[in-house]
Amino acid sequence: QVQLVESGGGLVQAGASLRLSCAASGRAFSYFAMGWFRQAPAKERELVARISESGGSRYYADSVKGRFTISRDNAKNTVYLQMNSLKPEDTAVYYCAAVFGVGREFQYWGQGTQVTVSS
């Protein structure tokens, strides 16, 4: 079992930056690939970024490439999402998720943190 707690959301103006954090507890954090998802009102949840267990491999959705950076600190059991040049369309609830093993769906989820970007 893994417990995930997100923090760092808030209300910002377009063009600003935010850094989300996700603190994990429970089973060995370094065994899990981690992801950040987001869900805007009336929209499907989407994968924003994903990072491998060691941090050596990263994936980004096209909509955030060049603006968002996912990173992790396995010593601190924490994964981060640095969000720069925020746009109003980035407004959503952001969720941290963890997956153990290859080819599986994300198994563990945080409660989410709201990010609101005003124009």
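How many bridges join β9 to β11, and in which sense do the two strands run? In this predicted model, 3 bridges join β9 to β11, and the strands run antiparallel. One bridge pairs V93 with Q114 of β11.

Strand β9 has further partners. It is joined to β4 by 7 bridges, again in the antiparallel sense. Within this pairing, G35 lies opposite A97 of β9. A third pairing links β9 to β10, a strand covering residues 108-109. It is antiparallel and comprises 2 bridges. Here A98 faces Y108 of β10. Burial is high along β9. Of its 8 residues, 6 are buried, so the strand is largely enclosed by the rest of the structure.

The overall fold is built from strands. The protein chain contains 11 strands and 0 helices. Its pattern along the sequence is therefore β-β-β-β-β-β-β-β-β-β-β. The C-alpha trace spans about 40 × 25 × 25 Å along its principal axes. The radius of gyration is 13 Å. A compact globule of 119 residues would have a value near 14 Å, so the two agree. Buried residues account for 42% of the 119 residues. Among contacts with a separation of 6 or more, 54% link residues 24 or more positions apart. The exposed surface of the protein chain is about 6,200 Å², of which carbon and sulfur atoms supply 47%.

A separate arrangement involves β1, β3, β8 and β7. These 4 strands form an open sheet in the order β1-β3-β8-β7, with antiparallel pairing. Strands β1 and β7 stand at the edges. Each has a single partner strand, so one side of each lacks a neighbour in the sheet. Neighbouring strands are turned by 15° against each other on average, direction ignored. Inside the sheet, β3 and β8 pair over 6 antiparallel bridges. One of the bridge pairs consists of C22 and V79, the latter in β8.

The nonpolar interior was examined next. In soluble globular proteins, nonpolar side chains tend to be buried together. The largest nonpolar core in the model holds 31 residues. The members touching the most other members are L4, M34, W36, V79, L81, M83 and Y94. Strands β1, β3, β4, β5, β7, β8, β9 and β11 each supply at least two residues of this core. A second core, separate from this one, has 5 residues, including F37, A97, V99 and F106.

M83 links the core to other parts of the chain. Beyond its neighbours within four places in sequence, M83 contacts A16, S17, L18, L20, R67, F68, Y94 and V115. Of these contacts, Y94 is also listed with M83 among the core members that touch the most others.

R67 deserves a closer look. This residue is placed in the loop between β6 (58-60) and β7 (68-73). Its relative accessibility is 11%, so R67 counts as buried; the cut-off for that class is under 20%. Which residues does R67 touch, not counting those up to four places away in sequence? They are Q82, M83, N84, S85, L86, K87 and D90. The contact with M83 thus ties this loop residue to a member of the largest nonpolar core.

Notes:
Residues are numbered from 1 along each chain as its sequence is written. This is a predicted model: local features need pLDDT of at least 70, side-chain atom pairs count only at pLDDT 80 or more; totals for chains, interfaces and linings use all residues. Side-chain values use heavy atoms; hydrogens and water are left out. Buried means under 20% relative accessible area, exposed over 50%, partly exposed in between (1.4 Å probe, protein chains only). Contact means heavy atoms within 4.5 Å. A nonpolar core is a set of buried Ala, Val, Leu, Ile, Met, Phe, Trp, Tyr and Cys residues joined through side-chain atoms within 4.5 Å. Two strands pair if DSSP finds at least two bridges between them. Axes are lines fitted to C-alpha atoms, for helices over the stretch in contact, and angles run from 0 to 180 degrees between N-to-C directions. The radius of gyration is taken over C-alpha atoms; the globule rule is 2.2 Å times the number of residues to the power 0.38. Accessible areas come from the Shrake-Rupley method with a 1.4 Å probe; for residues, only the protein chains shown count as cover.
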